[in-house]
Amino acid sequence: MDGAITFISFIIFGVVPLLGYLIFYSVPGLGDQELFVIACCLTAITLFILGAIKTQVTAQKWYLGTNRFLLLFICLFIHRCCADGDVD
């Protein structure tokens, strides 16, 4: 049962970053950079929600669970931008 819940959560939360590309791809004037920023914002919101849900299971304070997920996201975002040289 735990495996099924994990699988379903990966599907639900894993598709959210792709929604930024799928929904906004046909909007005129949005380039790759803008689509990436939209996907990152959707990912940050999703990680915040996932962290909040996690605190219900682990009995943590909500701000600790959500901040850990967001901090991880920020670190990965900075690493991705620095590795690709996109930071201006």
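1. Exposed means over 50% relative accessible area. Asp2 has 63% relative accessibility, so Asp2 counts as exposed. Asp2 sits in helix H1. This is a predicted model, and the points below should be read with that in mind.

2. Overall architecture. The protein chain has 3 helices and 0 strands. Along the sequence the order is α-α-α. The C-alpha atoms occupy a box of roughly 45 × 25 × 20 Å along the principal axes.

3. Burial and surface. The protein chain has 88 residues, and 19% of them count as buried. Its accessible surface is about 6600 Å². Carbon and sulfur atoms account for 73% of that surface. As for contacts between residues at least 6 apart in sequence, 33% join residues at least 24 apart.

4. Helix H1. This helix covers residues 2-24. Val15 belongs to H1. Is Val15 buried, partly exposed or exposed? Its relative accessible area is 35%, so Val15 is partly exposed: the value falls between the 20% limit for buried and the 50% limit for exposed.

5. A nonpolar surface patch. Val15 is one of the residues in a nonpolar patch on the surface. The other members are Leu18, Leu19, Leu22, Ile23, Phe24 and Val27. Together the patch residues have about 580 Å² of accessible area.

6. Geometry of helix H2. This helix runs over residues 32-58. Does its length agree or disagree with the expected span? H2 has 27 residues, so at 1.5 Å a residue it should span 39 Å. The C-alpha atoms at its ends are 38 Å apart, which agrees. Just after H2, Ala59 has a positive phi of about 60 degrees.

7. The start of H2. Asp32 is in helix H2. Its relative accessibility is 66%, so Asp32 counts as exposed. From Asp32 to Ile49 the C-alpha distance is 26 Å, with the two positions 17 residues apart in sequence numbering. A C-alpha separation of 26 Å is also found for Asp2 and Leu42, which are 40 residues apart along the chain.

8. The buried side of H2. Which residues of H2 are buried? They are Leu35, Phe36, Ala39, Cys40, Thr43, Ala44, Thr46, Leu47, Gly51 and Thr55. The spacing in such a list can be read against helix geometry. An α-helix has 3.6 residues a turn, so residues three or four places apart point the same way.

9. Thr43. This residue lies in helix H2. Thr43 has 17% relative accessibility, so it counts as buried; the cut-off is under 20%. The Thr43 side chain reaches the backbone oxygen of Ala39 at 2.7 Å. Beyond neighbours within four places in sequence, Thr43 is in contact with Pro17 and Phe73.

10. Thr55. This residue is also in H2. Its relative accessibility is 4%, so Thr55 counts as buried. What does the side chain of Thr55 reach? The partner is the backbone oxygen of Ala52, at 2.5 Å. Setting aside neighbours within four places in sequence, Thr55 contacts Gln60, Lys61, Trp62 and Gly65.

11. The two threonines together. Both Thr43 and Thr55 are on the buried list for H2. The side chain of Thr43 meets a backbone oxygen at Ala39, and that of Thr55 meets one at Ala52. Ala39 is itself among the buried residues of H2.

Technical notes. Residues numbered from 1 in each chain as written. Predicted model: local features only at pLDDT ≥ 70, side-chain atom pairs only at ≥ 80, totals over all residues. Heavy atoms only, no water. Patch = residues over 30% accessible without salt bridge, like charges linked within 9 Å, V, L, I, M, F, W, Y side chains within 5 Å. Areas by Shrake-Rupley, 256 points an atom, 1.4 Å probe, with all protein chains shown as cover. Salt bridge = Lys/Arg side-chain N within 4 Å of Asp/Glu carboxyl O. Helix = DSSP H or I, 4+ residues; strand = E, 2+ residues; numbered from the N terminus. Buried < 20%, exposed > 50% of the residue type's maximum accessible area, 1.4 Å probe, protein only. Polar contact = N/O pair within 3.5 Å; in protein donor to acceptor, adjacent residues only side chain to side chain. Contact = heavy atoms within 4.5 Å. Expected span 1.5 Å × (residues − 1).
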